[in-house]
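Here's a quick tour of a protein model for someone new to reading structures. Keep the 3D view open and follow along.

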Amino acid sequence: MHWWQTGIIYQIYPRSFQDSSNANGIADGVGDLNGIIRRLDYLQSLHIGAIWISPIFPSPMHDFGYDVADYCDIHPLFGTLTDFDRLLAEAHARGLRVILDLVPNHTSEEHAWFVESRSSRDNPKRDYYIWRDPAPGDGPPETRLPNNWQTHFGGVAWTYDAPTGQFYMHQFHRSQPELNYRHPEVLPAMLDNMRFWLDRGVDGFRVDVIWLMLKDAELRDEPPNPDAAPDARPFDRIQHIYTGDVAGIHDIIRQMRAVLDEYDERMMVGEIYLPLERLMTYYGNGDECHMPFNFQLIGLPWDARVIGDYIRAYEGALPPGGWPNWVLGNHDQHRIATRVGPAQARVAQMLLLTLRGTPTCYYGDEIGMEDVAIPFEQCMDPAALQQPETYEIWGRDPERTPMQWDASPNAGFTTPEATPWLPLAADYATRNVAAQENDPASLLSLYRALAALRRAEPALNRGAIEVIDLGIEGVLAYRRTAEGGDGFLVVLNFGEEMHELNLHQALGGQATELVLSTELIPSRVVTEGIMAMNGNEGVILRLRQWG
Ligand code: NOJ
């Protein structure tokens, strides 16, 4: 087994994790690398295996670091390469792996390649990017779009560059021109960027929008989406068959994987939003992504039956040797505690940390941080700013607010004098790490207990899974087993009703012992296989010598 299979991945959004003072002793309200170093002991106490840090590279920050101006350096806001090397060493010393964000689909418009590319039509780097003439016709050239492609942030996917009279293509912000992987020099250059970090000792990459890296060679119009709601935004009214999952993408990914395989024990997890059958192709024959992110728990209704069915479908669709993984949230999705409510937030963590496969946890979810409603005037995210009518749906600031460490002014995220780059949650004085560390019944205590159990028990960190039908509406149950060791039964109540569980019936007479409840109640009697279960409760029972 590899570290990325058995360990939990914890995502840090570096702007929001911990601000430390800069060289002049002044905090700026934006998190940084020295801040992360300060919190490594905390991260270690979560029994996680790795941290994934969202982009920390030089960037004009139009998309908060996902617009990279230099792949081989650190943004001064976050620190220096020396700080990064120290972070890596200190993390490794604590047994924590470090995964960086690689953003190969697009650069910032400030990247040296694009500066050259846009300088003239005959610049040698012109075709590093996707440039097209205005469509034929009347009217000003900037209105004659090359095709019907749209951006994820609202607006068309083409920006006209008057000095050279062509459009460049971008599926995100206009400051994020997309690289042309049909140009023979682009992929080798990106592979060198990977080697730069791998040589420094980085353990792997989370690869941004990996399935979008290749575009249709002919740039054909995307067809209408017959399932679109009448009021859907233009992006959702077309099917993205020429901008994503385009034939040829797997060859690119195999070459990226080959670079990782030049080193020991490195990995990549690909950001991919695709239906199950397509998602699975990104494992390749064990020669593409170590894991394509499985985001379905974010999109599915929070329903025991639906999720049980999906676990079966996902497990059944995995290719031979394909290692599963699960995600409840990230910096692009509304917080899990907001989506399912505080009572179910505990059940959600028990689900994430007991399923088969690598869990990815978003910072702050371990204390139940919720979305923070941010008025439009204070929005920072381009996805909000470009879609003012629907910014509450698409805006991503609410899930990116500063980590709530303690009850002091600014929650311990930054100094009391500094202004955090996004507002803090109103409840930070009560919902914070310090308060939850002192409360044995807190979500943080539950998280630690779950993560410790997962780490200690082979059945949980590598064993098989079998979804079991207990015949109770609103209750999801599954068994985790490993050769020769104890097994576990996980029972999750997605509803508010109490239930009496007849485990005898479900398990065929196995002796059971309650190991952990989401309520963190120390003892509960399981008599003759009968156990009472509260509403919104999840439990883990031990099955002695199962299997
Ligand atoms: C996916 C990232 O997760 C998101 O935050 C970003 O805006 C887009 N890719 C563009 O890089």
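β14 and β18 run antiparallel and are joined by 6 bridges. Within that pairing, Leu489 has Leu541 of β18 as its bridge partner. Keep in mind that this is a predicted model, not an experimental one.

**Around β14**

- Strand β14 covers residues 487–493, and 7 of its 7 residues are buried.
- Which residues sit on each side of β14? Gly487, Leu489, Val491 and Asn493 are on one side, while Phe488, Val490 and Leu492 are on the other, and all of them are buried.
- That fits a general pattern: in a regular strand, side chains alternate between the two faces of the sheet.
- β14 also pairs with strand β13 (residues 475–481), again antiparallel and again through 6 bridges.
- Here Leu489 turns up once more, this time as the bridge partner of Arg479.
- β13 and β14 form a hairpin with 5 residues between the strands, and Gly484 in this hairpin has a positive phi near 70 degrees.
- Now look at Glu457, in the loop between α16 (443–456) and α17 (458–461).
- Once you skip its neighbours within four places in sequence, Glu457 is in contact with Phe488 and Arg542.
- Is Glu457 buried or exposed? Its relative accessibility is 15%, so it counts as buried, given that the cut-off for buried is under 20%.

**The open parallel sheet**

- Elsewhere there's an open sheet of 8 strands with parallel pairing, and its order is β9-β8-β7-β3-β2-β1-β11-β10.
- Why do β9 and β10 (325–327) each have one side without a neighbour in the sheet? They stand at the edges with a single partner strand each, so one side of each is left free of a neighbour there.
- Strand β7 (residues 204–207) points Gly204 and Arg206 one way and Phe205 and Val207 the other way, and all four are buried.
- Strand β3 (residues 97–102) pairs with β7 in the parallel sense over 4 bridges, and Asp101 has Arg206 of β7 as its bridge partner.
- β7 pairs with strand β8 (residues 267–270) as well, parallel and over 4 bridges, with Gly270 of β8 as the bridge partner of Val207.
- To get from β7 to β8, the chain passes through helix α7 (residues 249–260), making a right-handed β-α-β crossover.
- β8 then pairs with β9 over 2 bridges, in the parallel sense, and Gly270 stands opposite Pro292 in β9.

**The ligand and its surroundings**

- How many residues surround the ligand? There are 14, and the closest are Asp63, His106, Asp208, His331 and Asp332.
- A side-chain N or O atom of Asp63 is 2.6 Å from an oxygen atom of the ligand.
- For Asp332, a polar side-chain atom lies 2.5 Å from a ligand oxygen.
- Arg396 joins in too, with a side-chain N or O atom 2.9 Å from an oxygen atom of the ligand.
- On its own the ligand has 300 Å² of accessible area, and the protein covers 98% of that.

**Some loop residues to find**

- As background, most residues other than glycine have a negative phi.
- Met61 goes against that, with a positive phi near 65 degrees.
- You'll find Met61 in the loop between β2 (50–53) and α4 (81–93), and its relative accessible area of 11% means it is buried.
- Asn536 isn't a glycine either, yet it has a positive phi of about 55 degrees; look for it in the loop between β17 (530–533) and β18 (538–543).
- Gly284 is in the loop between α8 (276–280) and β9 (291–292), and at 21% relative accessibility it counts as partly exposed.
- Gly284 and Gly322 are 38 residues apart in sequence, with their C-alpha atoms 9.0 Å apart in space.
- Met403 belongs to the loop between α14 (391–394) and α15 (433–437), and it counts as buried because its relative accessibility is 0%.
- How far apart are Met403 and Gln18? They are 385 residues apart in sequence, but 7.1 Å apart in space from C-alpha to C-alpha.

Technical notes:
Residues are numbered from 1 along each chain as its sequence is written. This is a predicted model: local features need pLDDT of at least 70, side-chain atom pairs count only at pLDDT 80 or more; totals for chains, interfaces and linings use all residues. Side-chain values use heavy atoms; hydrogens and water are left out. Buried means under 20% relative accessible area, exposed over 50%, partly exposed in between (1.4 Å probe, protein chains only). Contact means heavy atoms within 4.5 Å. Two strands pair if DSSP finds at least two bridges between them. A crossover is right-handed if, with the strands pointing away from the viewer, the path from the first strand over the helix to the second runs clockwise. A residue is near a molecule or strand if one of its heavy atoms lies within 4 Å of it. A polar contact is a pair of N or O atoms within 3.5 Å; within protein, one must be able to donate a hydrogen and the other to accept it, and residues adjacent in sequence count only if both atoms are side-chain atoms. Accessible areas come from the Shrake-Rupley method with a 1.4 Å probe; for residues, only the protein chains shown count as cover.
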